[in-house]
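These are my notebook entries on a structure that I have not examined before. I set down each point as I looked it up.

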Amino acid sequence: MTVTPQQVLDRLAGVLSPRGVALTDAGVLSEIAVNGDRVFFSINVETSETGAWEGVRAQAEAAVRAIPGVSVAMVALTAERKPGDPAYPPPRSGQGIPHVSTHRSPPPSGSPMARQTDIPGVAAVIAVASGKGGVGKSTTALNLALGLRALGLRVGLLDADIYGPSIPRLTGIREKPQLTADKKMVPIARFGLAVMSVGFLVEEESAMIWRGPMVTSAIRQMLRDVAWGELDILVVDMPPGTGDAQLTLAQTVPLKGAVIVSTPQDLSLIDARRGLAMFRKVNVPVLGIVENMSFFQCPHCGARSDIFGHGGARHEAERLGVPFLGEIPLHMSIRETSDLGHPVVESDPDGPHAAIYRTIAGHVRDRLQETIATV
Ligand code: ADP
């Protein structure tokens, strides 16, 4: 039986708001989005009020989750920014970090990191990011995760690319996550990885219309309400770009480091520089740059052509003082295996491409150990 928005509203009528009236009469609810057994909506309040509303958000989520037929309820507490609003705190000096209040009130300290929470059982979370889409970020994130697993680490993969989650396709996962007795989502086990994707919960089309604060809230839920188990590394496939949503995410996720994926073209390198600046802004160490589609390798004769002016990322990394983690050729077998849901590190572990990803994974692990040791 499908849940209707009206059923959700009926439940929410039983939740009292801090304004002394029912939540449904407080004028704060967004449209109720129902997608099969999953319900999403947001509560929009003034920035100054978010502290008082957090409990209501949790109650609303619990009330909706208790409706028979609902398996996932995601409720975001969003604060609309109003430039003239005296309650809206000014940006921190020189940083311009967007203040997006979702589940918690802002931290008292000036550090963006104060907002982060550690995930129990997960030793390190790293981001794989790119300045723009289509550079092979997700393919790299997945094969990097598999490379880390091949090094004997316990690895999880979180697809946080809410604007176009591609990990379901790249892993061939079609099932939905099960829930534990305490309603945590169980990641899907595939290729020895614990995999969770926004794409398991929403269809790609509905993912597109999510607004920034809701994205952040959804990611928090992916981190907090998922039974990750014991992991050495959780690899987060970030949404492409370096806009406000990404910056907020970089603040939200308790990151120990970031890997930037770039193609050799100039434009992409400019974008990669922006990515670097973004992580520096929020004090996340950049573990290094990976050059993807670095050179073309002919599938027939193996000959190599530098169609994009190969080597740009290596030079750029040197110039910026960031480690260069390695170069991955543009090769048919990487595209085919990715798009068929059989990533190359898994489907051809003895081949040259798997070896490249494992080498990159080794550099990432070493860099991570170094940076953790020095903080
Ligand atoms: P992004 O996450 O940056 O949008 P994807 O990982 O989804 O990019 O990759 C975009 C497309 O490029 C996919 O079809 C993928 O199979 C292909 N691709 C990625 N890396 C390579 C590569 N090194 N060689 C060939 N094709 C690749």
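**Entry 1: helix 7**

How many of the nine residues of helix 7 (residues 244–252) are buried? I counted eight, and I therefore describe the helix as mostly covered, taking buried to mean under 20% relative accessible area. The buried residues in helix 7 are A245, Q246, L247, T248, L249, A250, Q251 and T252. I note here that the model is a predicted one.

**Entry 2: the ligand and its surroundings**

I next asked where the ligand sits. I found the ligand in the largest pocket. I listed 17 residues around the ligand, and the closest are G134, K137, S138, T139 and P329.

I then sorted the residues of this shell by character. Six are nonpolar, eight are polar and three are charged.

Which elements each supply at least two residues of the shell around the ligand? I recorded two helices, helix 3 (137–150) and helix 10 (332–339), and two strands, strand 10 (286–297) and strand 12 (324–330). Helix 10 provides the largest share, with four residues.

**Entry 3: polar atoms facing the ligand**

I looked up the distances between the ligand and backbone atoms of the protein. For G134, a backbone N or O atom is 2.9 Å from an oxygen atom of the ligand. For G136, a polar backbone atom is 2.9 Å from an oxygen atom of the ligand. For P329, a backbone N or O atom is 2.8 Å from a nitrogen atom of the ligand. I also noted how much of the ligand is covered: on its own the ligand has 560 Å² of accessible area, and the protein covers 85% of this.

**Entry 4: R38**

I located R38 in strand 2 (residues 38–45). Is R38 buried or exposed? The relative accessible area of R38 is 6%, and R38 is therefore buried. I then examined the side chain of R38 and found a polar contact with the side chain of D37, at 3.2 Å.

**Entry 5: two residues with positive phi**

I looked for backbone angles worth recording and noted F191 and N283. The phi of F191 is near 55°, a positive value in a residue other than glycine. F191 belongs to the loop between strand 6 (188–190) and strand 7 (193–197). Why does F191 count as buried? Its relative accessibility is 17%, so F191 falls under the 20% limit.

N283 is not a glycine either, and its phi is positive at about 60°. I placed N283 in the loop between helix 8 (266–281) and strand 10. N283 counts as exposed because its relative accessibility is 53%, which is over the 50% limit.

**Entry 6: pairs separated along the chain**

I then looked up pairs of residues by the distance between their C-alpha atoms. I began with E54, which has its place in helix 2 (residues 50–65). E54 has a relative accessible area of 21% and is therefore partly exposed. E54 and L77 are 23 residues apart along the chain, and their C-alpha atoms are separated by 7.2 Å.

L148 lies in helix 3. I recorded 0% relative accessibility for L148, so this residue counts as buried. The C-alpha atoms of L148 and L193 are separated by 9.9 Å, and the two residues are 45 residues apart along the chain.

I found L179 in the loop between helix 4 (167–171) and strand 6. L179 counts as partly exposed because its relative accessibility is 31%. From L179 to V226 the sequence separation is 47 residues, and the C-alpha atoms are 8.9 Å apart in space.

How many residues apart in sequence are G341 and I173? They are 168 residues apart in sequence, while their C-alpha atoms are 7.9 Å apart in space. I located G341 in the loop between helix 10 and helix 11 (344–347). G341 is buried because its relative accessible area is 3%.

Conventions: Residues numbered from 1 in each chain as written. Predicted model: local features only at pLDDT ≥ 70, side-chain atom pairs only at ≥ 80, totals over all residues. Heavy atoms only, no water. Near = heavy atom within 4 Å. Polar contact = N/O pair within 3.5 Å; in protein donor to acceptor, adjacent residues only side chain to side chain. Areas by Shrake-Rupley, 256 points an atom, 1.4 Å probe, with all protein chains shown as cover. 1 Å grid on protein atoms, 1.4 Å probe; cavity = no way out; pocket = protein on both sides within 12 Å on 5 of 7 lines; lining within 4 Å. Sits in = over half its atoms within 2 Å of the grid points. Nonpolar A, V, L, I, M, F, W, Y, C, P; charged D, E, K, R; others polar. Buried < 20%, exposed > 50% of the residue type's maximum accessible area, 1.4 Å probe, protein only.
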